[in-house]
Structure formats: structure tokens, C-alpha cells
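Biologist: Could you take me through the sheet in this model, strand by strand? A word on the cysteines at the end would be welcome too.

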Amino acid sequence: MSVPPLPNIMIEPLVRAALLEDLGRAGDITTDAIVPAEARANTALVARQPGVVAGLDLALLAFKLVDPSILASVKHPDGYRLSSGDVIATVTGPARGILSGERIALNFLCHLSGIATATAAIVEAVRGHRARVTCTRKTTPGLRAVQKYAVRVGGGANHRFGLDDAVLIKDNHIAVAGGIKPAVERARCAVGHLIKIEIEVDTLVQLEEALAVGVDAVLLDNMPPDELRRAVAMVGGRAVTEASGRITPATAPIIASTGVDLISIGWLTHSSTALDIGLDHLE
């Protein structure tokens with residue numbers, strides 16, 4: 001299923017801020033000194049390694065904001081599974097604008113494609129199991145919307161977007177509230193009827209207490225596979241089960257085999273390796 005693109009009104013402020021940061025107070029003094037104003041360039045965004053495209057709209061917008069006369073032709077849109085050497089898009093127009101926008105365009109495209117590629121690898125690793133792969137709030141400040149978009153492009157799902165769209169009661173909340181029961185009861189009294197309540201538990205004893213008071217989801221944190229299986233059996237479908245804690249492509253299939261509904265992975269957004277994509281000059 002294709003993922004709808006993010007509207008320009010969401011991505012333009014991010015791209016514009018990145019360009020302004022790069023252009024500084026005097027613009028691209030290197031390009032302006034070397035490249036004649038009338039020079040034109042014919043270039044292509046090319047994959048140097050296999051992966052999943054994400055963030056192409058941001059990359060092309062970077063060129064367009066620098067010089068609106070730059071034209072792009074998309075060959076492989078977001079979500080496409082790339083092979084090494086694939087041309088993602090061609091970019092033609094004034095050489096100065098293309099060279100000045102190149103780094104910001106590639107920063108977004110490589111970073112978001114890296115997230116989509118890493119997500120796709122985990123999704124593939126758990127194929128055949130019920131578990132869905134989700135991200136977390138461990139995102140780069142200011143880039144949460146686009147990083148979570150890249151997770152969706154890679155076949156994953158999104159956890160909450162912020163502190164205001166779901167209740168997630170963690171260990172520190174429990175400690176301050178004086179226990180699971182008072183924490184859940186206070187949350188239930190404070191939020192609207194459409195807000196889901198999830199609670200983090202570290203042990204089966206905590207899980208039993210959470211189930212007794214009633215929650216919509218349980219975050220089973222850092223539990224080994226055998227304990228996860230017991231936890232899923234205890235829940236028995238009464239709540240959504242989510243596993244988290246240092247999950248990798250190697251361990252994800254084992255975690256998924258326990259029957260959990262969700263596998264949440266923070267490093268997808270905060271530590272994924274950028275996909276190697278370059279801008280090549282075409283003759």
C-alpha cells in the first residue's frame with residue numbers, strides 16, 4: 001500500500017530552514033565565484049546501494065526553493081525498492097541553483113531513505129508473524145513528522161506522535177503516582193473518551209496489576225522471549241501488547257514469534273544509517 005505524501009505546507013518550513021542555515025549570510029560563495037550565471041546542468045539522483053526511497057519530495061523542493069526554474073523528473077518515487085545504480089530522479093536547470101541545493105537535498109533524501117530502508121529490513125524479518133513494527137518519539141528535534149513518514153514508507157507503523165495524542169504511563173510516572181493503580185485511575189479521569197491508555201511494565205507481577213485496573217495497551221519492556229510469551233498469554237487479547245528494548249533485525253523474529261501485537265524500535269529514527277545516494281552530472 002502506497003503512503004500518501006506529506007503536504008508541502010508541512011515540509012517547506014523544514015527545507016527552507018535547512019537551506020537558510022546552509023546559505024548563511026552571503027549565499028554559496030564557492031558556486032557563485034566559479035560557475036557562470038548562465039551555465040546549465042543536467043544531473044541525476046543515483047542510488048549507490050540498495051534500499052528504499054523516502055524523502056524525495058523534500059529533496060526536490062530544496063532545488064526548487066533555491067531556483068524555481070529547476071526542473072525534476074521522478075523515475076522512482078518514495079517507497080520504491082532501489083538497486084544500486086538506479087536513477088531516482090533527474091534534475092536539470094541553472095547549474096548554480098542545482099549545486100547550491102545539492103547538499104540539503106541529499107541530506108534529507110539519504111537520511112529518510114536510510115530510515116525507510118532500516119524499517120523495511122525489520123518488517124521483512126518479522127514477515128509471517130502478527131507483529132507490526134513501530135517507531136517511537138526518539139526522533140531528531142524538528143524532524144519527527146518526516147522521520148515517522150519514512151517509517152511508514154518502509155512498511156512500518158507509527159507510535160504516538162507526541163505527548164498529547166495518547167497516554168503512555170512509564171516507570172517514572174508510576175513511581176511519582178505511588179503505583180500502577182493510582183496512575184491509571186488518575187489518567188482515566190483526566191483524558192477524553194477517545195484517548196487510549198498504555199502502561200509500561202517490566203515484570204509479570206506489574207502486568208497482572210495493570211490488567212486488573214484495565215488499560216488499552218501494555219508496553220512489555222526488555223522482557224526476554226520466554227517471559228514475553230507468558231505475558232501475551234496472560235493478556236489473552238484484553239489489551240494490545242507491545243514489546244520494546246534493544247530489538248535488532250536478528251532478534252526481531254524471535255520477539256515476533258511470542259505473539260506480541262507491536263514491536264517498537266527507537267533506533268529506526270535516531271540511529272539508522274543514511275542510504276548512500278549521490279548527485280551525478282549527466283553528459
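Modeller: Happily; the sheet comes first and the cysteines follow. Please keep in mind that this is a predicted model, where local features need pLDDT of at least 70, side-chain atom pairs count only at pLDDT 80 or more, and totals for chains, interfaces and linings use all residues. Residues are numbered from 1 along each chain as its sequence is written, and side-chain values use heavy atoms, without hydrogens or water.

The sheet is open and built from 4 strands, which run in the order β3-β5-β1-β12 with antiparallel pairing. Strands here are DSSP E runs of at least two residues, numbered from the N terminus, and two of them pair if DSSP finds at least two bridges between them. At the edges you will find β3 (71-74) and β12 (277-281); each has a single partner strand, so one side of each has no neighbour in the sheet. From one strand to the next, the twist averages 20°, taken between lines fitted to C-alpha atoms in their N-to-C directions, on a scale from 0 to 180 degrees.

Now look at β1 (residues 40-47) beside β5 (residues 87-94): 7 bridges join this antiparallel pair. To find your way along β1, start at N42, which sits opposite T92 in β5.

As for the cysteines, the model has 0 disulfides, counting pairs of cysteine sulfur atoms within 2.5 Å. C110 is buried, at 11% relative accessibility, while C189 is exposed, with 71%. Buried means under 20% relative accessible area and exposed over 50%, using a 1.4 Å probe on protein chains only.
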